[in-house]
Amino acid sequence: MQKNYYQPEIETMELSKLQALQSEKLVKQVKHVYENVPYYRDMMDKKGVKPEDIHGIEDLHKLPLISKTDLRETYPYGMLAVPLEDCVRIQSTSGTTGKRVIAYYTQNDVELWEECCARAIVAVGGTKKDVCQVAYGYGLFTGGPGLNGGSHKVGCLTLPMSSGNTERQIQFITDLKATILCCTPSYAAYIGEVMKEQGIKPEENSLKAGIFGAEPWTEEMRRDIEKTLGIKAYDIYGLTETSGPGVAFECEAQTGMHINEDHFIAEIIDPDTEEVLPLGSVGELVFTSIDKEAFPLLRYRTRDICKLTREACPCGRTHVKMCKPMGRSDDMMIIRGVNVFPSQIETVLINGGYAPNYQILVDRANNTDTLDINVELSPEQEKDTTKTVAQREKALETAMRAMLGIGPKVHLVAPKSIARSEGKAVRVIDKRKLH
Ligand code: DLL
C-alpha cells in the first residue's frame, strides 16, 4: 500500500496525543463560542453548562446539540463568532427549500479547509505532477472551491472546470491528460457514459483516480464507475456547515473515510433519544468544529446516518473512519410503514446489471403508499431479445421485494430518457409531500 500523506505528523498521530490535542482545542473553542455567539451561550445557560465545565473530549456530551433549525433561526449572522470584517468568504448550501445556510470563513478557516482537501488528494496518490480536473460546481457550493484549493496546495495543475458541459470535460481530460477527476459520483457515471459513446475505452483515458462525494453512492456504483472510467474511485465527505468537502476522505484501503480529527470531533447519537452511542453503532453523525474561527458549530447534527470505526488502517492513518453515509434521516422514505433508503434500490439495480440511471416515485392512492421505480435500459439491454421487458421488470421487482421488504412497481424505460445530473442527482420524487 502506498503511504502518502500531506501532513504525516497529524494524519498518523498516536491516538492518545490526538485526543489530547482535541481536548485542548475543544476547551478553547467552547470558550470562544460562549463569549461570541449569544444564541449558543443561551443554549448552554439553559442546559446549565459553563465553559469551565468542559475540561476535554470526555465532557463533550454535556454541550447542547444544534441543528439546521438553529441555523435557520439565526440566519444570516447569528452563529458568527468573529467580527464580519475578519471574514473573507462565504459559502452556502444547495438546499432549495427554506433559508439557505450561510457559512463564514476567516482566511485561516479557508487555509485549514483547503489543507483537508489536500490530504484527500494526496491520499489517492496525488502529487504536484498530477493534473486535477475539478468538475464539482463552483460558486456558493463548496465542492468546486474546496477541491480547487486542495489541488493548489498539493501543487497539481488545477483545471477549474466546474460542473456541466460534458463534451468539454472529456476534451480537457483527453487534451490536458487529467489524472484525477473530482465531481459527484452521478456526474462521474455520466462522464463515463459519454466517453463510451465517443468510443473512448476506459484504458485509453489518462485518468487514474477520482474523488467523488457530495451525495450518497453505493459500493456497487463505485465498482461501476471504476470499470467505466478505468480508475480507482474514492469517496469524500463534508457539509457546508463544517466547511465543505474534506471533513473525511478515503485512503488507498477504500474501506471508509478518515475523519480529520484534528479539526472535527465526531460522535454518533441516537436520533430519537439524543444519547451518545458507542463506536460501531449506527446512528446520526454529529460534528464539533474545534478549529473554525468564524462559524464554529458545536455538536452539529448532520442528519446523516452513519457508523464510526477505529480499527488499525493499513494506510497508517490513525484518524477514526466513517462508513459511507447510509442515507439521511430526513431522506429515508417510510413506505407502507417500512423504512426504505434509495441506496438499497441502487444496490439491487447495479447488481442486476443496470446503470445507475433511475428515479424513485412515491405517491399515495386509496390511502396506501405506492412505490414506482423507473429504470433506464442501456442500448445493449434494449437490443437484447433473450428476455422480454416484462420478464426483466418482474425479475427486478422480485429482487427489490427481497431487499426492501415491500414490493415496488418497476418500469423499464428507454435509454437516455432519465435526465442526467451534473451535480447532486435527484433520485426521489415523493408526491405525498407535494399534495
Ligand atoms: O456536499 C460538500 C461536499 C462537496 C462533499 C463535494 C463532498 C464533495 P452540502 O451541499 O452542504 O455539502 O451537503 C452536505 O451531502 O450532509 C450528506 O448528506 C451529503 N454528502 C456529502 N458527501 C457525501 C458522501 C457538500 N461522500 C450533505 N456520501 C451531507 C454521501 C454525502 N453523502
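# A ligand shell, a sheet and some odd backbone spots

By class, the shell around the ligand has 9 nonpolar, 6 polar and 5 charged residues. This is a predicted model.

Visitor: Which residues come nearest to the ligand?

Guide: Start with the shell, which holds 20 residues around the ligand. Among these, the ones that come nearest are Asp235, Ile236, Thr240, Asp304 and Lys424.

Visitor: And which strand gives the largest share of that shell?

Guide: That strand supplies 5 residues of the shell. Its residues run 232-239, and its name is strand E7.

Visitor: How far is a polar side-chain atom of Thr240 from an oxygen atom of the ligand?

Guide: Let's take a few polar contacts together. Lys424 has a side-chain N or O atom 2.8 Å from an oxygen atom of the ligand, and Glu215 uses a backbone N or O atom, 3.2 Å from a ligand nitrogen. For Thr240, a polar side-chain atom sits at a distance from a ligand oxygen of 2.5 Å.

Visitor: How much of the ligand's accessible area does the protein cover?

Guide: On its own, the ligand has 600 Å² of accessible area. The share of this that the protein covers is 94%.

Visitor: Let's move to the open sheet of 3 strands. Which are its edge strands?

Guide: In general, strands of a sheet pair through backbone hydrogen bonds, either parallel or antiparallel. Here the order is E10-E11-E12, with antiparallel pairing. An edge strand pairs on one side only, and that describes strand E10 (264-269) and strand E12 (300-306).

Visitor: By what angle are neighbouring strands of this sheet turned against each other on average?

Guide: Ignore direction for this one. The average turn between neighbouring strands of the sheet is then 30°.

Visitor: Which residue of E11 stands opposite Ile269?

Guide: E10 and E11 pair in the antiparallel sense over 6 bridges, while E11 (residues 283-289) and E12 do so over 4 bridges. One residue of E11 turns up on both sides: it stands opposite Ile305 in E12 and also opposite Ile269, and it is Glu284.

Visitor: Are the two faces of E10 covered or open?

Guide: In a regular strand the side chains alternate between the two faces of the sheet. On one side of E10, Phe264, Ala266 and Ile268 are buried, and so are Ile265, Glu267 and Ile269 on the other. The count for E10 is 6 buried residues of 6, and both faces are covered.

Visitor: Now the backbone. Where is the proline of the cis peptide bond found?

Guide: Most residues other than glycine have a negative phi, and most peptide bonds are trans. A cis bond joins Tyr75 and Pro76, with omega about -5°. Pro76 is found in the loop between helix H4 (68-73) and strand E1 (89-92).

Visitor: Does Gln254 count as buried or exposed?

Guide: Gln254 is found in the loop between strand E8 (244-250) and strand E9 (257-259). Its phi is near 55°, a positive value in a residue other than glycine. Buried means under 20% relative accessible area. Gln254 has 16% relative accessibility, so it counts as buried.

Visitor: What is the relative accessible area of Arg303?

Guide: Arg303 is found in strand E12. Its phi is positive, about 75°, although Arg303 is not a glycine. Arg303 is partly exposed, and its relative accessible area is 31%.

Notes:
Residues are numbered from 1 along each chain as its sequence is written. This is a predicted model: local features need pLDDT of at least 70, side-chain atom pairs count only at pLDDT 80 or more; totals for chains, interfaces and linings use all residues. Side-chain values use heavy atoms; hydrogens and water are left out. A residue is near a molecule or strand if one of its heavy atoms lies within 4 Å of it. A polar contact is a pair of N or O atoms within 3.5 Å; within protein, one must be able to donate a hydrogen and the other to accept it, and residues adjacent in sequence count only if both atoms are side-chain atoms. Accessible areas come from the Shrake-Rupley method with a 1.4 Å probe; for residues, only the protein chains shown count as cover. Ala, Val, Leu, Ile, Met, Phe, Trp, Tyr, Cys and Pro count as nonpolar, Asp, Glu, Lys and Arg as charged, and the others, Gly among them, as polar. Two strands pair if DSSP finds at least two bridges between them. Axes are lines fitted to C-alpha atoms, for helices over the stretch in contact, and angles run from 0 to 180 degrees between N-to-C directions. Buried means under 20% relative accessible area, exposed over 50%, partly exposed in between (1.4 Å probe, protein chains only).
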